[in-house]
Amino acid sequence: MTSAYEELIATTKETSTLRSAMSVLGWDQRTKMPPGGVEQRSNQLALLAKLTHERATDPRIGELLAQCEADKDLTADPHSDSAANIRELRRAYDRATKLPSDHVEENARTHAIAEHHWEEARAKKDFSLFEPWLEKNIGLARTTAGFYGWESDEEPWDALAEGYERGMRARQVDSVFVPLRDRLQALVSDLSSARKPSTSIHDITLPTDAQMSFVTKISEAIGFDFSRGRIDTTVHPFCSGFHPGDVRITTRFSDNKFFDSLAATMHETGHGIYEQGLLPAYNGTPLGRAVSLGIHESQSRMWENFVGRSRAFWTWCQPLVANDLGITASADDIYAGMNLVDPSFIRVEADEATYNLHIMVRFELERALMNGDLGAADVPHEWNRRYKEYLGVDVPDDALGCLQDVHWSGGSFGYFPTYTLGNIYAAQIFEKIREDIGDVDAQFERGDFGPLKGWLNENLHRHGGRYIPSELCERLTGKPLSADALLRHLEGKLRPLYGL
Ligand SMILES: [Zn+2]
């Protein structure tokens with residue numbers, strides 16, 4: 001082990017410790033902080049952001065990386081701890097140093113103003129108020145892509161998406177999404193003309209504290225370790241891992257949407273189990289971090305959809321909701337209610353099948369925006385046209401249409417596909433798990449989630465960032481990423497449920 005490598009890892013761990021302190025402050029801001037704390041909290045976060053950025057772009061890191069890269073002992077085996085850490089730290093350093101600081105500042109300033117105009121435009125259902133700011137954000141994002149650069153067979157979108165899902169390219173996303181879109185459209189169209197299953201679970205009113213104690217019990221039963229984490233309530237649920245020994249998840253409740261809260265809790269629990277499954281020995285280095293947004297999302301979707309919306313899960317859980325909450329619905333009715341397919345305008349309320357069509361609309365548009373094939377002014381028309389074509393719905397106004405998501409107002413282009421990639425990875429990985437751990441349904445029916453969690457800990461979580469996502473997928477499942485498993489899952493579940 002060379003001293004350059006030791007110095008590189010020591011400084012990386014320190015920067016990472018600063019970042020985890022920022023995460024604690026961010027968690028506190030969203031869960032516990034009184035309104036009067038806003039000003040001092042933003043001072044604290046701004047100072048820590050400045051310190052971490054200075055440390056991450058320090059030329060000394062570049063010198064250390066160059067020395068480490070020249071040392072064959074460290075890099076000969078590409079999957080050794082040192083080679084994987086050096087590769088990932090190089091990537092992070094290059095991305096952090098490629099953007100000139102005046103561009104970073106202009107981005108931050110413009111995004112803050114654009115978000116403000118986006119909020120106003122959404123409240124007034126008036127896209128024209130946001131359009132000039134969207135145009136500015138598109139221009140800035142294209143400039144950012146230019147600073148990062150792309151290969152001759154790539155495109156500007158790729159340079160931005162790299163920040164969210166390493167190695168993912170628009171061309172590959174398209175080759176997975178197009179067949180998925182065609183078959184999902186056909187599925188959704190067939191289901192909409194079939195008889196609707198029971199919706200009896202959608203108007204059960206329950207007090208919040210009873211819901212909280214129940215979802216906490218389920219979170220623990222499926223594998224979240226409360227001696228190394230906690231759960232709180234927020235407006236928008238999230239998961240924040242400071243260390244495998246301290247992982248915070250949040251959820252939300254409304255009086256009459258208990259099953260939505262349970263699904264949201266299982267989703268965040270999936271993120272949390274991943275964070276708790278990272279190895280403490282690697283904490284603060286790329287090997288101790290989740291590999292990508294798409295893989296992270298595969299973990300949340302697996303527990304939310306492949307466990308929490310399964311027939312077997314409800315065989316186990318129905319007596320619990322009956323006993324603890326007095327819910328009288330049968331396991332069949334709950335299973336049906338959790339799996340209703342209902343094409344609508346709003347992504348965050350979408351069901352498991354139509355959700356992916358919402359993402360495809362956004363991916364197609366942002367790819368065209370980044371290529372210069374589309375301008376801000378075209379967005380509402382192109383958005384609404386696709387919603388009609390893919391989901392069969394007429395978007396009534398832009399607040400329920402292209403103004404519904406915060407992402408583009410904050411300059412996040414290239415992010416959306418990670419949600420659907422999460423679903424696709426989850427399906428493909430879950431098929432392999434079914435082959436590997438025996439009768440999954442029998443396990444779920446008796447409330448035994450240990451084999452599933454154990455498989456994920458052993459094969460996925462403990463690797464952190466050792467492999468890039470596409471490589472991890474092939475290692476886990478023996479196949480490149482494809483939408484086939486997700487389609488088998490959705491068609492195999494939904495067609496019988498709808499009597500088709
Ligand atoms: Zn998530």
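**Sheet architecture and flanking helices**

Strands S2 and S3 form a hairpin with 2 residues between them; strands (E, at least two residues) and helices (H or I, at least four) are DSSP runs numbered from the N terminus. The model is predicted, with local features requiring pLDDT of at least 70 and side-chain atom pairs counted only at pLDDT 80 or more, while totals for chains, interfaces and linings use all residues. Residues are numbered from 1 along each chain as its sequence is written.

S2 and S3 (residues 246–251) pair in the antiparallel sense over 4 bridges, pairing being assigned where DSSP finds at least two bridges between two strands. Among the bridge partners, Ser240 is matched with Arg248 of S3, and Gly241 with Val247 of S3.

The hairpin strands belong to an open sheet of 3 strands, ordered S1-S3-S2, in which the pairing is mixed. S1 (229–233) and S2 (239–243) are the edge strands, each pairing on one side only. On average, neighbouring strands of this sheet are turned by 15° against each other, direction ignored; axes are lines fitted to C-alpha atoms, for helices over the stretch in contact, and angles run from 0 to 180 degrees between N-to-C directions.

Helix H1 (residues 3–31) packs on the sheet and touches S1, S2 and S3, contact between two residues being defined by C-beta atoms, placed from the backbone, that lie within 7 Å. The direction of H1 makes about 145° with that of S2. Helix H11 (residues 258–277) also packs on the sheet, touching S1, S2 and S3, and its direction makes about 165° with that of S3.
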